[in-house]
Amino acid sequence: MASARVRGADLVEIRLDHLAVFHPRRDPQLLLKNRPLPALVTYRLLVILLDLYQEKGQRTLSLFNCALPRKESAPGQPTISDLLNVYNIKQIGPDTKVFRIIGKPVGNSKSPILHNAAFRSVGFNAVYVPLLVDDLAIFLTAYLSLDFTGFRGAVNTIIRRSTDGKLVGYNTDYVGAISAIEDGIRGKDASISPLVGKTFIVIGAGGAGKALAYGARENGAKVVIANRSYERARELANLIGGCALTLAELEIFHPEDGMILANTTSTGMQPNIAETPLIKQALGSYAVVFDAVDTPKVTWLLREAEEAGATVVSGMEMFLRLAIGQFELFTGLAAPENLMHDIVATTETRTKI
Ligand SMILES: NC(=O)c1ccc[n+]([C@@H]2O[C@H](COP(=O)([O-])OP(=O)(O)OC[C@H]3O[C@@H](n4cnc5c(N)ncnc54)[C@H](OP(=O)(O)O)[C@@H]3O)[C@@H](O)[C@H]2O)c1
């Protein structure tokens with residue numbers, strides 16, 4: 001760093017191997033000492049962490065990672081084009097709020113494209129960036145003391161409340177998925193949920209599975225959980241008052257016709273697009289089949305379900321609706337729904353990193 005300063009460097013790049021050892025606010029300041037050079041700090045995957053502070057009237061900007069697959073100058077860096085067009089870098093200043101999606105992997109998320117465009121369209125001064133997190137516990141310990149305004153994760157949305165600084169968790173997965181399934185079954189005007197009294201089978205018992213199971217139960221369905229790890233299915237079923245099945249049992253489970261099926265596992269997600277969580281022969285019992293997988297939009301499961309005569313609901317619908325819910329939580333403003341719909345419909349899949 002000293003050598004860079006002597007040579008009058010305008011930009012300093014710092015590469016890190018492990019995010020957990022690096023404190024994004026303190027360490028750049030230590031490294032940069034009294035001369036606030038713009039610092040470009042990369043991590044091994046695509047995350048941009050914009051750590052902005054004022055020092056001697058200058059702004060120091062730290063960029064960590066980024067999930068951009070094209071012509072990055074080092075692994076994990078964003079392209080100039082994405083900095084300008086996706087992350088609106090020219091508009092970022094000390095007052096810019098920073099939101100982030102965390103996950104592993106996170107590089108194929110469409111959320112930054114969607115939320116940054118939505119922020120820009122309503123003039124909300126914020127940026128939304130992906131952040132790869134290996135270990136949630138370390139992440140929460142290391143980062144939650146920082147002035148993060150909110151981030152999206154399995155939970156799936158946490159906002160720091162402006163009135164008292166407390167973190168508040170929300171789950172927009174639940175509303176997004178259930179409303180997409182309901183609208184797939186009926187017209188939007190119906191006053192009673194079409195899930196009432198229906199047998200609703202959730203494959204998976206992770207974050208999305210919990211959200212779907214809870215949402216289905218809240219809307220009057222009889223919930224059944226099927227999961228690769230039967231023990232997790234049983235735990236979730238006990239929690240919400242439903243039944244549990246193994247995946248093998250699910251193949252012959254047919255208590256009634258016209259059931260609803262929701263896949264909440266990653267089975268069938270790109271690149272494993274020829275995989276499906278349930279054999280085609282079993283799909284004839286379902287009136288509606290939903291797949292939380294949103295890439296591809298029409299999964300193997302949805303294609304076979306359609307061939308078996310079911311109404312199908314794509315994970316893309318869930319993604320759009322949960323993002324609309326998040327936007328409103330982030331900004332307190334009405335979401336630009338038409339714009340967000342168009343972006344979701346046209347955005348190409350990001351390359352997984
Ligand atoms: N469309 C959207 O907006 C949206 C939103 C949220 C999530 N999702 C999608 O939902 C999926 C699950 O996300 P999550 O956050 O719930 O993940 P998670 O918490 O890690 O849970 C993963 C679930 O999938 C099961 N699973 C994983 N690999 C499997 C395999 N090869 N065969 C059978 N079961 C398998 C796991 O079973 P075990 O318990 O046996 O490990 C677990 O039940 C992902 O594909 C994600 O992209 C979509």
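Trainee: In the hairpin of β8 and β9, which residue takes a positive phi, and how many residues lie between the strands?

Mentor: Keep in mind from the outset that this is a predicted model. The hairpin has 6 residues between β8 and β9, and G165 takes a positive phi near 75 degrees.

Trainee: How many bridges join β8 to β9, and do the strands run parallel or antiparallel?

Mentor: As a general idea, strands of a sheet pair through backbone hydrogen bonds, in either a parallel or an antiparallel arrangement. In this case strand β8, residues 156-160, and strand β9, residues 167-170, run antiparallel and are joined by 4 bridges. One place to find the register is I158, whose bridge partner in β9 is G169.

Trainee: Turning to the open sheet of 6 strands, what is the order of its strands, and what is the pairing?

Mentor: The order is β12-β11-β10-β13-β14-β15, and the pairing is parallel. The two edge strands, each of which pairs on one side only, are β12 at 243-245 and β15 at 311-313. When direction is ignored, neighbouring strands of this sheet are turned by 20 degrees against each other on average.

Trainee: Which strands does β10 pair with, and over how many bridges in each case?

Mentor: Strand β10, residues 199-203, pairs in the parallel sense with strand β11, residues 222-226, over 5 bridges. With strand β13, residues 259-263, β10 pairs in the parallel sense over 4 bridges. To follow the register by eye, note that T199 has K222 as its bridge partner in β11, while I203 stands opposite A226 in that strand and has N263 as its bridge partner in β13.

Trainee: Why is β10 described as largely enclosed by the rest of the structure?

Mentor: The reasoning rests on a count of neighbours, since a residue is taken as buried if 20 or more other C-beta atoms lie within 10 Å of its own. For β10, 5 of the 5 residues are buried, and the strand is therefore largely enclosed by the rest of the structure. T199, I201 and I203 point one way from the strand, F200 and V202 point the other way, and all are buried.

Trainee: What kind of unit do β10, helix α7 and β11 make, and what is its handedness?

Mentor: Together with helix α7, residues 207-218, the strands β10 and β11 make a β-α-β unit that is right-handed. A213 is a useful residue to select here, as it lies in helix α7 and is buried, with 29 other C-beta atoms within 10 Å. Leaving aside neighbours within four places in sequence, A213 is in contact with V202, V223, I225, L236, I240 and G242. The C-alpha atoms of A213 and L239 are 9.8 Å apart, although the two residues are 26 residues apart in sequence.

Trainee: Which strands does helix α8 lie across, and at about what angle does it run to β12?

Mentor: Helix α8, residues 230-240, lies across β11 and β12, and runs at about 170 degrees to β12. E231 lies in this helix and counts as exposed, because it has 10 C-beta neighbours inside 10 Å. Between E231 and T246, which are 15 residues apart in sequence, the C-alpha to C-alpha distance is 9.1 Å.

Trainee: How should I read the largest nonpolar core, and which of its residues touch the most other members?

Mentor: In soluble globular proteins, nonpolar side chains tend to be buried together. Here the core has 73 residues, of which A177, I201, I225, I260, A262 and V289 touch the most other members. Helix α11, residues 315-331, gives the largest share, 8 residues. Because domain 1 (2-170 + 321-346) and domain 2 (173-313) both give residues to this core, it lies between them. Among the contacts of I225, not counting neighbours within four places in sequence, are V202, A205, A213, L236 and A244.

Trainee: Where is A308 found, and which residues does it touch?

Mentor: A308 is found in the loop between α10, residues 300-307, and β15, and is partly exposed, with 16 other C-beta atoms within 10 Å. Once residues up to four places away in sequence are set aside, A308 touches K280, L283 and G284. A separation of 6.3 Å lies between the C-alpha atoms of A308 and L283, which are 25 residues apart along the chain.

Key. Residues are numbered from 1 along each chain as its sequence is written. This is a predicted model: local features need pLDDT of at least 70, side-chain atom pairs count only at pLDDT 80 or more; totals for chains, interfaces and linings use all residues. A nonpolar core is a set of buried Ala, Val, Leu, Ile, Met, Phe, Trp, Tyr and Cys residues joined through C-beta atoms within 7 Å. A residue is buried if 20 or more other C-beta atoms lie within 10 Å of its own, exposed if 12 or fewer, and partly exposed in between; C-beta atoms are placed from the backbone. Domain bounds come from an automatic or database domain assignment. Two residues are in contact if their C-beta atoms, placed from the backbone, lie within 7 Å. Two strands pair if DSSP finds at least two bridges between them. Axes are lines fitted to C-alpha atoms, for helices over the stretch in contact, and angles run from 0 to 180 degrees between N-to-C directions. A crossover is right-handed if, with the strands pointing away from the viewer, the path from the first strand over the helix to the second runs clockwise.
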